[in-house]
Amino acid sequence: MIPLAHLKPGQSAVVVQLPPDEVLAMRLREMGLLKGTEITFIRSAPLGDPMEFRLRGFELSIRRADAAQVSVEQVEAERPAGHLLPVTPPAHVIPSGAVRSAVAIRQVFTGGGVASGPSRPKSYAVVGNPNSGKTTLFNALTGLRQKVGNYPGVTVEKKSGQFIGQHGEKIELLDLPGSYSLGAHAPDERITRDVLLDLRQDTPRPERLLCVVDASHLERNLYFISQVLELGLPTVVALNMVDVAQAQGTPVSATRLSEELGVPVIPVQATRRESILPLRLALSRAEIPSSSWSPELPPIWTRAADAVAAHWPMKGTGSRVMDDQRPPRNPMIRVKASLLLAASEDESAVLAAEFGAGQALAAAVSQRAQLGRNLPEWREAVVAARYERIAALSRAAHGGRSPAGDRFTQRVDDLVTHPLWGWLFFVGAMTLMFVALFTIAQIPMDWIQSAFDTAGEWIGKAMPAGDLRDLLVDGVLAGVGGVVIFLPQILILFFFIGLLEDTGYMARAAFLMDRVMSRVGLHGKSFIPLLSSYACAIPGIMATRTIENPKDRLVTILVAPFMTCSARLPVYALMIAALWPSGSGSVWAKGGMMMALYLLGTAAALLFAWLFKRTILRGETPLFMMELPPYRMPSVPQILQQMTQRAGIFLKRAGTVILGIAIILWFLASFPKVSVPEGAPEPTKAEQLQQSFAGHIGKTIEPVIKPLGMDWKIGIGLVAAQAAREVFCGTMAVVYNVERKKGDAPDTLAETLRQQKRPDGAAVFSPLTCLSILVFFVLSMQCISTLAVVRRETNSLRWPLFQFCIMTGTAWIASFLVYQGGRLMGFH
């Protein structure tokens with residue numbers, strides 16, 4: 001008997017003992033790691049930790065320290081990783097003729113099921129494991145008919161949509177967060193559990209279920225689905241990725257699976273719309289059966305769960321309970337009782353309060369003690385019994401064939417997780433993305449710039465001189481146009497991030513970076529929210545819901561805004577363009593500067609995470625356990641749909657928030673009017689700006705920012721950027737457009753900035769000042785929306801205020817060192 005961590009790549013062993021830590025042991029059990037389970041060590045991450053294993057046909061990553069607590073017995077000699085595995089192409093590249101879709105629908109009625117009649121609107125909750133293609137299928141069914149929001153009180157995204165059924169009726173879909181078990185461990189999994197158990201006042205319990213199952217990882221997916229089926233709700237199963245299972249040599253019989261489960265099973269390929277029609281027809285049926293399948297758990301456990309359910313209070317069951325009101329016969333109460341009984345001692349009180357268990361809590365404690373006496377390893381026995389039943393079901397559906405991973409994924413992982421090539425691939429991919437921001441995006445950016453210039457010239461000629469024309473040209477067009485021009489770069493950024501997520505590389509990035517994350521006290525999963533924050537800190541902060549430990553989640557929230565979001569991109573692009581006059585500076589130099597800024601933000605995030613974890617949020621390094629999905633061919637239509645949604649959000653922001661700020665800034669820069677004695681010449685635009693409200697605001701903060709190389713006009717931009725960082729560009733356009741003389745040819749904003757002079761003749765936007773501004777924007781907190789999300793996420797004003805002060809103070813100190821240090825070294 002040896003520790004699991006002592007296996008060499010390619011070696012297999014059988015688990016004989018799980019860790020003594022019950023929380024870790026239960027997590028491993030739910031992921032399928034039980035006594036007697038055969039497990040194969042594939043590889044370690046480039047830095048030696050974590051480790052990747054294969055079990056039950058899927059890949060699981062855990063830390064070496066956790067693997068050392070699992071005892072195994074080696075069962076065979078060392079063999080190369082990937083031995084005897086089929087070489088499977090990435091998912092969704094199997095020819096359409098290679099898989100025949102058959103609709104397996106059986107009319108099955110059970111006493112516990114509730115069928116929706118034709119007079120009631122049909123609504124489905126879409127449930128499934130992460131990486132099962134659940135959201136892809138949801139997008140394929142609903143298209144653009146979606147509504148995205150948040151569940152009240154939390155930042156978990158709530159996505160709902162609808163499609164038109166067979167008879168022209170609207171069918172509602174609610175896409176619940178992916179989950180591995182009803183024994184929820186993370187905030188998003190708790191949302192799924194609470195909605196299914198009718199615990200949320202803001203979201204009614206679904207009348208029907210659409211369960212999405214990955215056919216290539218059938219056994220892994222059926223653990224959660226089997227728990228959901230016990231709720232007794234009318235259910236349709238979408239058997240997704242049947243093409244991948246076919247290519248792996250383990251096709252799944254939808255007919256056999258339907259016979260065993262007692263519900264309709266529809267084979268689909270979520271990325272191919274032609275395969276969705278049978279599923280639409282099945283979801284349109286007036287009557288849908290509930291499942292007749294049961295896991296056949298140990299009798300002693302069943303009796304204990306029934307005893308807890310018998311003490312469940314009748315109040316709160318409401319009108320949604322099944323016909324038989326007795327708690328032991330009510331499927332929802334039985335599931336609640338089972339979850340409460342299986343909970344750890346530390347979780348029981350909180351879970352009982354959430355479930356409204358009342359006196360059932362005492363019954364659960366009593367039954368738990370009795371189970372411990374009569375069946376010492378009862379938790380292991382219960383999970384093992386469910387997996388044993390699932391394994392038999394999986395073998396029947398596979399026709400007796402055993403599922404296996406694919407060698408294509410292993411071959412790609414050999415490259416992208418290699419100690420040398422893995423890092424080169426990662427850095428190369430990031431560099432390619434940043435260079436693309438300056439090459440591919442330039443053409444549409446020129447089109448947008450030309451469109452706004454043409455509109456400004458047309459308005460200037462069509463309207464008489466006056467405040468209204470100045471408002472439209474110098475306020476609205478200059479302010480909004482100065483931000484909208486960067487839309488192509490933002491879309492490219494979202495496209496690259498979508499590719500990383502869709503192909504499965506995002507999980508490898510977390511696997512690659514876990515050792516780095518653990519060095520600063522964070523979970524490898526923290527890298528995914530931090531990487532998402534490259535697009536926007538708000539979804540990055542929302543993505544922290546997958547982190548279970550509250551302190552680690554809070555640290556990730558606090559440092560996420562240090563990551564360079566897309567709102568900083570317009571400022572970076574503007575200042576980099578101001579650094580190099582037109583025609584000078586290669587694309588690679590500009591791309592390198594952009595990447596350096598991104599690296600600076602990342603380094604700051606890791607530094608402060610390390611600092612927080614050793615001071616105000618001290619705690620142990622969290623548990624790391626993550627499934628590594630197989631590589632899949634990205635679905636370009638799905639990525640483009642996400643880009644369209646993001647573009648709509650950005651343009652809505654430009655059309656509302658930024659437009660409003662642009663008008664306010666124009667007003668502040670244009671009023672009050674300078675009084676002119678009769679016969680005296682009209683004041684210049686510069687004189688008007690200096691005496692305006694904006695001028696007074698800028699001059700008020702000028703003593704604070706002057707040591708950073710910034711003047712009062714730049715100060716106006718810094719104040720406006722508190723609403724949103726990208727507003728800085730529009731503000732600069734408004735502030736400096738008012739100084740443009742009649743007859744001047746339209747200049748780009750960067751060229752305009754380079755022409756600005758101080759009273760002593762020195763350039764305002766010198767290279768040193770541009771660097772100071774860039775460093776300030778890398779480190780400062782300038783986004784009210786992000787602060788609002790942090791306030792809602794932490795349920796406290798203390799943390800967003802702390803975050804604002806820390807980031808802004810750090811930005812001022814760093815900019816001061818850059819500017820004053822540069823001057824001491826002779827730079828200007």
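**Exercise 1. Is Leu600 buried, exposed or partly exposed, judged by relative accessibility?**

*Solution.* Step 1: recall the cut-offs. Buried means under 20% relative accessible area, exposed means over 50%, and partly exposed lies in between (1.4 Å probe, protein chains only). Step 2: take the value. Leu600 has 34% relative accessibility, so Leu600 counts as partly exposed.

A note on the model before going on. This is a predicted model, where local features need pLDDT of at least 70, side-chain atom pairs count only at pLDDT 80 or more, and totals for chains, interfaces and linings use all residues. Residues are numbered from 1 along each chain as its sequence is written, and side-chain values use heavy atoms, with hydrogens and water left out.

**Exercise 2. Place Leu600 and Thr602 in the fold.**

*Solution.* Step 1: find the element. Leu600 lies in helix 24. Thr602 lies in helix 24 (residues 587-613) too. Helices (H or I, at least four residues) and strands (E, at least two) are DSSP runs, numbered from the N terminus.

Step 2: list partners. Contact means heavy atoms within 4.5 Å. Beyond four places in sequence, Leu600 is in contact with Val775 and Val778. With residues up to four places away left out, Thr602 touches Tyr534 and Met563.

Step 3: check burial. Thr602 has a relative accessible area of 16%, so Thr602 is buried.

Step 4: compare sequence with space. Leu600 and Thr564 stand 36 residues apart in sequence, and their C-alpha atoms are 8.9 Å apart.

**Exercise 3. Describe how helix 23 packs on helix 31.**

*Solution.* Step 1: read the geometry. Helix 23 (residues 568-579) and helix 31 (residues 767-779) pack at about 165°, with axes 9 Å apart. Axes are lines fitted to C-alpha atoms, for helices over the stretch in contact, and angles run from 0 to 180 degrees between N-to-C directions.

Step 2: name the arrangement. Angles under 35 degrees count as roughly parallel, over 145 as roughly antiparallel, 65 to 115 as roughly perpendicular and the rest as oblique. Helix 23 and helix 31 are therefore roughly antiparallel.

Step 3: give the hand. The crossing of helix 23 and helix 31 is left-handed. A crossing is left-handed if the near helix is turned anticlockwise from the far one by less than a right angle, and right-handed if clockwise.

Step 4: look at the contact. Residues of helix 23 including Val571, Met575 and Leu579 meet residues of helix 31, among them Leu771, Leu774 and Val778. The contact of helix 23 with helix 31 has 13 nonpolar, no polar and one charged residues. Ala, Val, Leu, Ile, Met, Phe, Trp, Tyr, Cys and Pro count as nonpolar, Asp, Glu, Lys and Arg as charged, and the others, Gly among them, as polar.

**Exercise 4. Do the same for helix 5 and helix 13.**

*Solution.* Step 1: helix 5 (residues 218-229) and helix 13 (residues 378-397) pack at about 120°, with axes 9 Å apart. That makes helix 5 oblique to helix 13.

Step 2: helix 5 passes helix 13 in a right-handed crossing.

Step 3: the contact includes Leu222 and Tyr223 of helix 5 and Tyr387 and Ile390 of helix 13. The contact of helix 5 with helix 13 has nine nonpolar, three polar and three charged residues.

**Exercise 5. How many of the 10 residues of helix 22 are buried?**

*Solution.* Step 1: count. Eight of the 10 residues of helix 22 (residues 550-559) are buried. Step 2: name some. Among them are Asp552, Arg553 and Leu554.
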